[in-house]
Amino acid sequence: MTAARFFMFLLLSLTLNACSPVVRPALDAPQKAGEQQCALPDTANQWFASSQTWQMEHSGVLQLGGKVLPLTGVMRLNLREKEILISIMSGFGLKLLAMKVRPETQEILYASPAADAIPHFIQHCADTLRALFLRFPDQAETCRNVGGLCVLEERIAGNVIRVGLDPQSGFLRQKTVASVRGTGDWTIRYDSPTVFQRTVFPKTVFCNAEKGEYSLNLELQQVERP
């Protein structure tokens, strides 16, 4: 191991062990869809329903395998092409990873020795970004009332995608992504709607994956049109 690689690994290890454990908010357990159908709310002003490109900056905390890592990320989200271009940095400002993520593939543009040192870190990042920002039931034909939310469901690329929309505003409240191949499940909550250029975004996002062994808290710091 070179001196530079050892220093980066040591710096990351100190960051992981210095942070306090994350207190995760309770998520609603997935419910079976009821029999009562509801009208699909108007989602025209919601971020996920647009075909725009947005540049977003998030701060966040990743919990993986009992370790905690503060992160920042700058992301270009192209909803028309369903593509994410992202750069992820540690809490110290150390660049960890740059990648392109599409619904089925990812391209690693840069991976630091520190990122390589965390088991499954790169794949977890790609899978989570897909679950959070790229997978929605676009072709769902029915909308059901479940727990006060309008719920849509569709099977996409080997995953069962289930979203819950606010029946009045159309705001995306929660999502579950269940893999039929057993490669991983996600439960996601979107909170605190905020408006930019008449488009509604979630200010905070919480994602819990892999039976609670992996979680991510995100807070939107800035959004703009590139």
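Me: Which helix holds both Asp 127 and Arg 130?
Reply: Heads-up: this is a predicted model, where local features need pLDDT of at least 70, side-chain atom pairs count only at pLDDT 80 or more, and totals for chains, interfaces and linings use all residues. Residues are numbered from 1 along each chain as its sequence is written, and side-chain values use heavy atoms, with hydrogens and water left out. Helices (H or I, at least four residues) and strands (E, at least two) are DSSP runs, numbered from the N terminus. Asp 127 and Arg 130 are 3 residues apart, about one turn, and both belong to residues 121-134, helix H3.

Me: How far apart are the closest N and O atoms of Asp 127 and Arg 130?
Reply: Side chains of opposite charge can pair when their charged atoms come close. The cut-off for a salt bridge is a side-chain nitrogen of Lys or Arg within 4 Å of a carboxyl oxygen of Asp or Glu. Asp 127 and Arg 130 form such a bridge, with the closest N and O atoms separated by 3.0 Å.

Me: Is Arg 130 buried or exposed?
Reply: Buried means under 20% relative accessible area, exposed over 50%, and partly exposed in between (1.4 Å probe, protein chains only). Asp 127 is partly exposed because its value is 22%. Arg 130 has a relative accessible area of just 4%, so this residue counts as buried.

Me: Which residue meets Arg 162 in a salt bridge?
Reply: Arg 162 is buried, at 13% relative accessible area. Its partner is partly exposed, at 45%. The N to O distance is 3.4 Å, and the partner is Glu 153.

Me: In what order do the 12 strands of the sheet run?
Reply: Strands pair if DSSP finds at least two bridges between them. The pairing here is antiparallel and the sheet is open. E5 (106-111) and E6 (144-146) stand at the edges with a single partner each, so one side of each has no neighbour in the sheet. From edge to edge, the order is E5-E4-E3-E2-E1-E12-E11-E10-E9-E8-E7-E6.

Me: Which residue in E2 is the bridge partner of His 58?
Reply: E1 (residues 53-64) and E2 (residues 67-78) run antiparallel and are joined by 12 bridges. Within E2, His 58 is partnered by Gly 73.

Me: Which element gives the largest share of the largest nonpolar core?
Reply: A nonpolar core is a set of buried Ala, Val, Leu, Ile, Met, Phe, Trp, Tyr and Cys residues joined through side-chain atoms within 4.5 Å. This one has 54 residues, and Trp 47 and Phe 133 are among those touching the most other members. The largest share, 9 residues, comes from H3.

Me: How many residues apart in sequence are the parts tied together by Trp 47 and Tyr 190?
Reply: Rings of Phe, Tyr and Trp (its six-membered ring) pair if their centres lie within 6.5 Å; planes under 30 degrees apart count as stacked, over 60 as edge-to-face and the rest as tilted. Trp 47 and Tyr 190 make a tilted pair, 6.4 Å centre to centre with 45° between the planes. Both residues are buried. Trp 47 is in the loop between helix H1 (3-18) and E1 while Tyr 190 is in E10, so the separation of the parts they tie together is 143 residues.

Me: What kind of pair do Phe 48 and Phe 136 form?
Reply: Phe 48 is buried at 17%, and Phe 136 is buried too at 8%. With centres 5.4 Å apart and 20° between the planes, the pair is stacked.
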